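Reader: Could you walk me through this structure slowly, since I am still new to reading models like this one?

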Amino acid sequence: METTNSIEIEKAAQILKLLGDKTRLSMMKLLQTNECCVCELVEIYDASQPSISQHLRKLKDIGLVKEKRKGQWIFYSINQTHKHYDFLVRILDSLPNQDERLIELEKQGLRISCC
């Protein structure tokens, strides 16, 4: 008997597979409490823009991440209306906070530098 807190094995496996990538897992933890632009994530992860965009696309394709346009820039955050948001939060809540990455970006004067 399934409870309201249960998730289908296939869906759990799909989410866990995406979160199995260290960058995506860290990114999701960061997006749990922050809205970030691709350019910020490029700086934080010292990765190319296409690489970061690919990670975000995979997360967006299954609805874990949503985007919001502000002028010419697109900001990403966790989709709190996702059917399995509670499952995702239980995973993310067990991880260390990633906000220090954004604080360091601010110190460097690179926080929201694109906007």
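Author: What follows goes through the sheet, the cysteines, one helix, the core and a few single residues.

Author: This is a predicted model, in which local features need pLDDT of at least 70 and side-chain atom pairs count only at pLDDT 80 or more, while totals for chains, interfaces and linings use all residues. Residues are numbered from 1 along each chain as its sequence is written, and side-chain values use heavy atoms, with hydrogens and water left out.

Reader: ok, in what order do the strands of the sheet come?

Author: The open sheet has 3 strands in the order S1-S3-S2, with antiparallel pairing. Strand S1 (36–37) and strand S2 (65–70) are the edge strands, and each of them pairs on one side only. Helices (H or I, at least four residues) and strands (E, at least two) are DSSP runs, numbered from the N terminus, and two strands pair if DSSP finds at least two bridges between them.

Reader: and how many bridges join S1 to S3?

Author: There are 2 bridges joining S1 to strand S3, which covers residues 73–78. Cys 36 stands opposite Tyr 76 in S3, and the bridge partner of Cys 37 in S3 is Phe 75.

Reader: how many join S2 to S3, then?

Author: Those two antiparallel strands are joined by 6 bridges, and Arg 69 is found opposite Ile 74 of S3. The hairpin of S2 and S3 has 2 residues between the strands, and Gly 71 in this hairpin takes a positive phi near 65°.

Reader: what sits over the ring of Phe 75?

Author: The charged end of Lys 70 does, at 4.9 Å from the centre of the ring. A charge sits over a ring if NZ of Lys or CZ of Arg is within 6 Å of the ring centre and within 35 degrees of the ring normal.

Reader: switching topic, how many disulfides does a search of the whole structure find?

Author: The search finds 0 disulfides, a disulfide being a pair of cysteine sulfur atoms within 2.5 Å. In general, a disulfide is a covalent bond between the sulfur atoms of two cysteines.

Reader: why is there no bond for Cys 36?

Author: The closest cysteine sulfur to that of Cys 36 is in Cys 37, and because the two are 8.6 Å apart they are too far for a bond.

Reader: is Cys 36 buried or exposed?

Author: Cys 36 counts as buried, because its relative accessibility is 0%, whereas Cys 39, at 22%, counts as partly exposed. Buried means under 20% relative accessible area, exposed means over 50%, and partly exposed lies in between (1.4 Å probe, protein chains only).

Reader: why is helix H3 described as largely enclosed?

Author: Helix H3 spans residues 38–45, and 6 of its 8 residues are buried, so the rest of the structure largely encloses it. Those buried residues are Val 38, Glu 40, Leu 41, Val 42, Ile 44 and Tyr 45. They pack against helix H2 (22–33), S1, helix H4 (49–61), S3 and helix H6 (99–107), where contact means heavy atoms within 4.5 Å.

Reader: what does Asp 46 do just after H3?

Author: Asp 46 takes a positive phi of about 50° there, although most residues other than glycine have a negative phi. Asp 46 lies in the loop between H3 and H4, and it counts as exposed at 73% relative accessibility.

Reader: which residues touch the most other members of the largest nonpolar core?

Author: Among its 31 residues, these are Met 28, Leu 31, Leu 41, Ile 52 and Leu 56. The elements giving two or more residues to this core are helix H1 (9–19), H2, H3, H4, S3, helix H5 (85–92) and H6, and H5 gives the most, with 6 residues. A nonpolar core is a set of buried Ala, Val, Leu, Ile, Met, Phe, Trp, Tyr and Cys residues joined through side-chain atoms within 4.5 Å.

Reader: what does Leu 56 touch?

Author: Not counting residues up to four places away in sequence, Leu 56 touches Met 27, Leu 31, Val 38, Leu 41, Val 65 and Tyr 76.

Reader: last one, where is His 84?

Author: His 84 is in the loop between S3 and H5, and it is buried, with a relative accessible area of 6%. Leaving aside neighbours within four places in sequence, His 84 is in contact with Ile 7, Glu 8, Lys 11 and Ile 15.
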